[in-house]
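Work through the exercises below with the model open. Try each task before reading its solution.

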Amino acid sequence: MKTLGYYNGKYGELEDMAIPFNDRVHFFGDGVYDAGPSRNYVIFAIDEHIDRFFNSAKLLEIQMPVTKAELKQILQEMVNKMDTGNLFVYYQVTRGTGIRNHVYTEGPGNLWIMLKPAEISDGIEPIKLITLEDTRFLHCNIKTLNLIPSCVANQRAKEAGVQESVFYREGGRITECAHSNVHIIKNGELYTAPTDNLILPGIARRHLIDKCKELGIKVNEVPYYLDDLFTAEEVLVTSSSNLCLHANEIDGMAVGGKQSELLEKIRKAVLGEFVEATQLIQKKAV
Ligand SMILES: Cc1ncc(COP(=O)(O)O)c(C=O)c1O
């Protein structure tokens, strides 16, 4: 199959899928999601993504309709049905179905899954960024479906001819990007925002931190600011869709480019782990 969708046990090509009108997502965006890549039919860091998915649901008191093991099995079975093993593997749970009412519906949520072909960037080409004030709510640690500020930010990025937007809060504190985490190298050390309620605890961020530590690079999980971003030795952008990118321009000004050897070591370590974990094997047995 070229694309594949799932909704509460029903499967089909994405364009053939139909969703009940009263799914609460339509009125309230009431749900959470998670997503990551697969390569060669191997879903990367699947347990970490499923753990975060269940945690997001728990934080919003959404009842999961499946166990972690069941979800993992459904995802792998679906991946195995695809024409290519290089995919974007996306799943969400919405808070059930019912006539529009702000008060929660009872019972288990609705499980959605979406697979489409996708490739991971090798991270060699630098990207360009813009900065925008972070006007999102104060639950950014939960991967909710309320993505309007992120959609607006990505539209602004597109209009500016760049790839991502970096959010900052009042006082210039850098939080993250519209759909990535952002980090800097300063004095040869990695600085990244702490995992409080202002950022999503990115899985790629976690892997970047682990790789930096393995390389002997000190990691500082502390707030940093616009000034630090513009004067950084390097600016890194991580996400599960494009594991380890770096930027050479923000708001039209040149940034980074002062620790290219260190950057290359980090890029190779992060990409290397992904390639190693997703080696070409027979379609993964479930
Ligand atoms: C707001 C936000 N921050 C960070 C990330 C990166 O998270 P991960 O590395 O788990 O993909 C994402 C990914 O969707 C995101 O939406």
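A residue is buried if 20 or more other C-beta atoms lie within 10 Å of its own, exposed if 12 or fewer, and partly exposed in between. Keep in mind that this is a predicted model.

**Exercise 1.** Find Q76 and decide how Q76 counts: buried, exposed or partly exposed.

Solution.
- Step 1: locate the residue. Q76 sits in helix α3, residues 68-80.
- Step 2: take the neighbour count. Q76 has 19 C-beta neighbours inside 10 Å, so Q76 counts as partly exposed.
- Step 3: look for a partner remote in sequence. Q76 and V42 are separated by 34 residues in sequence, yet their C-alpha atoms are 8.0 Å apart.

**Exercise 2.** Work out the strand order of the open sheet, and explain why β2 and β4 each have one side without a neighbour.

Solution.
- Step 1: write down the order. Six strands run β2-β1-β6-β5-β3-β4 in an open sheet, with antiparallel pairing.
- Step 2: go to the edges. β2 (10-12) and β4 (42-43) stand there with a single partner strand each, so one side of each has no neighbour in the sheet.
- Step 3: inspect one pair. β5 and β6 (residues 110-117) are antiparallel and joined over eight bridges. V93 stands opposite L111 in β6.
- Step 4: add the helix. α2 packs on the sheet and touches β3, β4 and β5. The direction of α2 makes about 175 degrees with that of β3.

**Exercise 3.** Describe how domain 1 meets domain 2, and state which element gives the most to the side of domain 1 that touches domain 2.

Solution.
- Step 1: set the bounds. The domain assignment gives domain 1 as 4-117 and domain 2 as 127-274.
- Step 2: place the centres. The C-alpha centres of the two domains are 26 Å apart.
- Step 3: count the contact. Domain 1 puts in 19 residues and domain 2 ten residues.
- Step 4: assign the domain 1 side. β3 (31-39), α2 (46-59) and β5 (87-94) each supply at least two residues. β3 gives the most, with seven residues.
- Step 5: sort by class. The domain 1 side has ten nonpolar, six polar and three charged residues.

**Exercise 4.** Characterise the shell around the ligand: which helix gives the largest share, and how do its residues divide by class?

Solution.
- Step 1: pick out residues around the ligand. Among them are E176, H179, N181, R205 and T238.
- Step 2: find the main contributor. Helix α5 (residues 203-214) gives the largest share, three residues.
- Step 3: divide by class. The shell has three nonpolar, seven polar and two charged residues.

Key:
Residues are numbered from 1 along each chain as its sequence is written. This is a predicted model: local features need pLDDT of at least 70, side-chain atom pairs count only at pLDDT 80 or more; totals for chains, interfaces and linings use all residues. Domain bounds come from an automatic or database domain assignment. Two residues are in contact if their C-beta atoms, placed from the backbone, lie within 7 Å. Helices (H or I, at least four residues) and strands (E, at least two) are DSSP runs, numbered from the N terminus. Ala, Val, Leu, Ile, Met, Phe, Trp, Tyr, Cys and Pro count as nonpolar, Asp, Glu, Lys and Arg as charged, and the others, Gly among them, as polar. A residue is near a molecule or strand if its C-beta atom, placed from the backbone, lies within 6 Å of it. Two strands pair if DSSP finds at least two bridges between them. Axes are lines fitted to C-alpha atoms, for helices over the stretch in contact, and angles run from 0 to 180 degrees between N-to-C directions.
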